[in-house]
Amino acid sequence: MADDSLYPDLGEIGTEETESAYVYKEHAMKKTRTEKDSELTRRRFLSASLALGAASFVKPGVLWAENAPKVDLPFERGRRPLVAFPQKRPLMVMTTRPPQLETPFHLFDENIFTPNDAFFVRWHLANIPSQIDMNTFRLKIRGRVTQPLSLNLAELKRDFEQVEVAAVCQCGGNSRGFFDPRVPGGQWGNGAMGNAKWTGVRLRDLLAKAGLNDDGLQVRFDGLDQPIADGTPDFRKSLNLEDAVQETVVVAHSMNGEPLPWLNGFPLRLVVPGWFATYWVKMLNDIEVLNKHDQQFWMAKAYRLPADPCACVQPGEKIVRSVPIGKMTVRSFITNVQDSGTVVGGTPLTVKGIAFDQGYGIDRVLFSVDGGRQWQAASLGQDYGDFSFRPWEVQFTPVSGRTYMLQSLAVNRIGEPQRFSARWNPSGYLRNVVETVHIHAT
Ligand SMILES: Nc1nc2c(c(=O)[nH]1)N[C@H]1C(S)=C(S)[C@@H](COP(=O)(O)O)O[C@H]1N2
Ligand SMILES: [Mo]
C-alpha cells in the first residue's frame, strides 16, 4: 500500500503515462480504464483519512488546486500544472504517483547548480516511504564480499573519507517529448536533468572495506521504494564491477551542501557521474556484489538501447540486439532565450547557455544564428569539473525585422560533437541533437 501522505493531494493527473508504467503494462499489470479510475478514487479517499493521523516528514505546502498555474511544453500532451511537492518549489507535474516532476527550464539560466528544491524528480514505483527511522536505517554491503557491512549514516560519515563531486544527473528519457515520431513513456521536455555538488563516500572505499571476492562481476543497488502492484518488479540497477569502482562513484548523503531532499533519495543515493540517472539509485540501502550478470527486469528488460553505435533504429524497425543504457552524450542548451520569442533589434544580445557531456569535459561551444550555416565560438565560463554543467555565452546584434534560428553546438574534449540529426529509438533515449531556438527581432 502506498503511503499517501507523501503526496500533495486533492487532485490527480495521469499516473500511467510513464515509461515504466509502459513497460509494466507489457510485463504485468493490464488495467482497464475503469479499474484505474476506481483505484484512484480509493486512494484519494485513503489519503484524506491518512492525512489526519500519520506522522511523517511531509507537510505539503501547497494543496493541489484546480487552478494551479499551468505551463505548456511545445509538444502534444505537453500541458503541466505547476505544483509544490514537499521540499520542492512548484515544478511541472508529469505524474503524481509515482511523482515525476520536471524543472522549469528558466531555472537552468538562473543557476549553474540546480537548487535542491527545483531539482527534477523521477520515481518508477509509487510506494515510497514517507518515514525512515534513522536509528535503524542501515546501508548493507553484501554478496560476493569477505566481510558484509551494515552501516548507519553516522558511521558512513565518520569512518570513510568524505568526497564531493559536481555532476549532472540526467534521465535517459530527458527530452523524450521531442521525439518524432512520438514514442511512449514520460513526455519530458528538457528539464529532466539537474547539476549538483554531491557529497558522500566513494563506493570503492565501501567495497574495499567489505573485501571483494575474486568472482565479483557486477554490483547491484536497491533502495527503500517498493512496488504497489503485485508482479511489478522492485527497482534495482547494476553496474559492472569495473565501472562501480571508478573513483568518481559516490554514495552521497548531501546535495549542494544539504541533506538529500526526500524525493531525491534521502538519506543516501548512488551518484554515478557521467552515467544516466537510472543508475543513481535513491534511498539506497542495499549494495550486493554479484558473481553473474544481473538478470532482473530493470537490467535485462528495461532501459536498453539498440546495440549499434548510434543507438538508433528506424521507426517501426525491430530491435534485434540491445544493450543496457550507459553513459550520457554531449549536449548544450541556450538558456536565456525562449523559442518563438522576440528580441529587440539593433541592441547587442548576450545569449547564454550550458553544456555537458559524460565526463571528458567540454572543449568548445559553437554558436549559429542562421540554423547552422555559419558558426562562431562562444566563450566558456567557469569550469566546475568534468561532469558539471559548463556555462557559456556569446553576443550578437539582431537586425530589426529579421528572424533567426539560434543554435549551440558543444564538442567535448575527445572531439565528439552533438548530433545534427535527431537519433530515434522506441524508448526515446539519448537525445542530443543540436537544438534550435527561433526568434524574431522587432
Ligand atoms: N530507488 C530509486 N532510485 C531511482 C529511481 C527509482 O525509481 N527508485 N529512478 C531512477 C531514475 S530513472 C532517475 S531519472 C533518477 C531521478 O533522480 P531524481 O529524482 O533525484 O531527479 O533516479 C533514479 N534512481
Ligand atoms: Mo530516468
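User: What makes the pair formed by a backbone N or O atom of Phe120 and an oxygen atom of ligand 1 a polar contact?

Analyst: A polar contact is a pair of N or O atoms within 3.5 Å; within protein, one must be able to donate a hydrogen and the other to accept it, and residues adjacent in sequence count only if both atoms are side-chain atoms. The backbone atom of Phe120 lies 2.7 Å from the oxygen atom of ligand 1, so the pair qualifies. This is a predicted model, in which local features need pLDDT of at least 70, side-chain atom pairs count only at pLDDT 80 or more, and totals for chains, interfaces and linings use all residues. Residues are numbered from 1 along each chain as its sequence is written, and side-chain values use heavy atoms, with hydrogens and water left out.

User: Which side chain has an N or O atom 2.8 Å from an oxygen atom of ligand 1?

Analyst: That side chain belongs to Asn264. A backbone N or O atom of Trp280, in turn, lies 3.0 Å from a nitrogen atom of ligand 1.

User: Why is the pair Phe119 and Phe120 called stacked?

Analyst: Rings of Phe, Tyr and Trp (its six-membered ring) pair if their centres lie within 6.5 Å; planes under 30 degrees apart count as stacked, over 60 as edge-to-face and the rest as tilted. The ring centres of Phe119 and Phe120 are 5.8 Å apart and the planes stand at 20°, so the pair is stacked.

User: Are Phe119 and Phe120 buried or exposed?

Analyst: Both are buried, a term for under 20% relative accessible area, with exposed over 50% and partly exposed in between (1.4 Å probe, protein chains only).

How values were computed: Chains lettered and ligands numbered in written order.
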